[in-house]
Amino acid sequence: MKAFLFPGQGSQYSGMGNDLTSFSRAYYFFETAREVLGIDIFQIMNGDEDFLKLTENAQPAIYIASYIAFDELIRAGYVPSLLAGHSLGEYTALAAADVYDFETGLYLVRKRGEYISQSVKPGEGTMAAVIGAKIDEIEAAISDIDNVWVANHNSEDQVVISGMVESVRIAIERLKKIAKRVAELKVSGPFHTPLLESAREKMAHELRGIKFRKPRWPIVMNSTGRETTDPEKIRENILSQICGPVLWYDSINRMIQLGAKSFIEAGPQKVLTNLLKRSKSAPCKHFTEIVFERQFETVGI
């Protein structure tokens, strides 16, 4: 059983558009994106790194890159049994599963990025990865710091905290005493925190006018770590994850319980693949990934 994984914000890099141009339908999707968004996202994907990382740019850029990779996988004969996306990547998973079409998903991730930026001005919020400490230890260490929360539980020993810049940096210094490594991430906002409640409310309004279809394959959701094919539960869950944590570790374990034997990361870089490779509990023998040089690579662990 194959599971397709779609990455979230932080996987972007300048030049990612050029790296997709050898894919068979890349230009079709770039042109469609220009029509939907009214901007040249291809140019943004190959331009200034700081401009690209702005939430309203990074989110559609990663969505497009990941969907192009998914399209190439399907055309090459790869078919999933399960899907999951990390944060922003959940919106890509929904498009891949035909819950809505490519254009609708593109519009939604652009609006999501705009609304997040409006909730907290770019540069006022940030996130940090904490490596080598358990989630309960991290929660205890930051419990008395205002405006910082656990945002992602990515693996046994990787947790991401999120919040206002000053609070996160205080937490970083404290967590360095109990973790192997703590690193601030290349993001422009405090994702998956209560600070984004206004973005959640605006996205709820956007979603009222969009019909969700039953997905072609079950989707394991960030907010629950459980699979669903119910369109209304999907709608509820993608709203919940704006202000709540991403339960990625639970999601991966659930896919393994359901029978996933290989995971295919469709999108830029290898963030999710590398998390899987480092997993101590994953029983999978191989992880299959798509890389932008059009190679399909199987890595044994």
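Start by selecting helix 9: its buried residues are covered by elements that include helix 5 (89-96), helix 6 (102-119) and helix 10 (231-243). Here contact means heavy atoms within 4.5 Å, and buried means under 20% relative accessible area, exposed over 50% and partly exposed in between, using a 1.4 Å probe and protein chains only. Helices (H or I, at least four residues) and strands (E, at least two) are DSSP runs numbered from the N terminus.

A word on what is loaded: this is a predicted model, in which local features need pLDDT of at least 70 and side-chain atom pairs count only at pLDDT 80 or more, while totals for chains, interfaces and linings use all residues. Residues are numbered from 1 along each chain as its sequence is written, and side-chain values use heavy atoms, leaving out hydrogens and water.

**Stop 1: helix 9**

Residues 197-208 make up helix 9, whose twelve residues reach 17 Å from first C-alpha to last, close to the 16 Å expected at 1.5 Å a residue; the expected span is 1.5 Å times one less than the number of residues. Colour A199, M203, A204, E206 and L207, the buried residues of this helix. Looking down the axis, you will find them within an arc of 160 degrees, so they line one face of the helix; the arc is taken from the directions from the helix axis to the C-beta atoms. On the face turned away from the buried side, look for the exposed residues H205 and R208.

**Stop 2: Y91**

Next, pick Y91 in helix 5. Y91 is buried, with a relative accessible area of 0%. Leaving aside neighbours within four places in sequence, its contacts include M203, Y63, R112 and I238. The C-alpha atoms of Y91 and L106 are 8.7 Å apart, with their positions 15 residues apart along the chain.

**Stop 3: helix 4 and the cores**

Now select residues 55-75, which form helix 4: 21 residues reaching 30 Å from first C-alpha to last, close to the 30 Å expected. Of these 21 residues, 19 are buried, so the helix is largely enclosed by the rest of the structure. Just after helix 4, G77 has a positive phi of about 100 degrees.

A nonpolar core is a set of buried Ala, Val, Leu, Ile, Met, Phe, Trp, Tyr and Cys residues joined through side-chain atoms within 4.5 Å. In the largest one, of 66 residues, I64, L83 and F212 touch the most other members. Helix 4 gives the most to this core, with ten residues. Another core, of 17 residues, lies apart from it and has A141, I142, V168 and L175 among its members.

**Stop 4: the sheet**

Four strands form an open sheet in the order 4-5-3-6, with antiparallel pairing; two strands pair if DSSP finds at least two bridges between them. Strand 4 (148-155) and strand 6 (181-184) are the edges, each pairing on one side only. Six bridges join strand 4 to strand 5 (residues 158-164). One to display is N152, whose bridge partner in strand 5 is V160.

Add helix 7 (residues 135-142), which packs on the sheet and touches strand 3 (125-131), strand 4 and strand 5.

**Stop 5: two loop residues**

Finish with N147, in the loop between helix 7 and strand 4. Its phi is near 60 degrees, a positive value in a residue other than glycine. H192, in the loop between strand 6 and helix 9, also has a positive phi, of about 60 degrees. Are these residues buried or exposed? N147 is partly exposed at 34% relative accessible area, whereas H192 counts as buried at 3%.

Terms used
Axes are lines fitted to C-alpha atoms, for helices over the stretch in contact, and angles run from 0 to 180 degrees between N-to-C directions.
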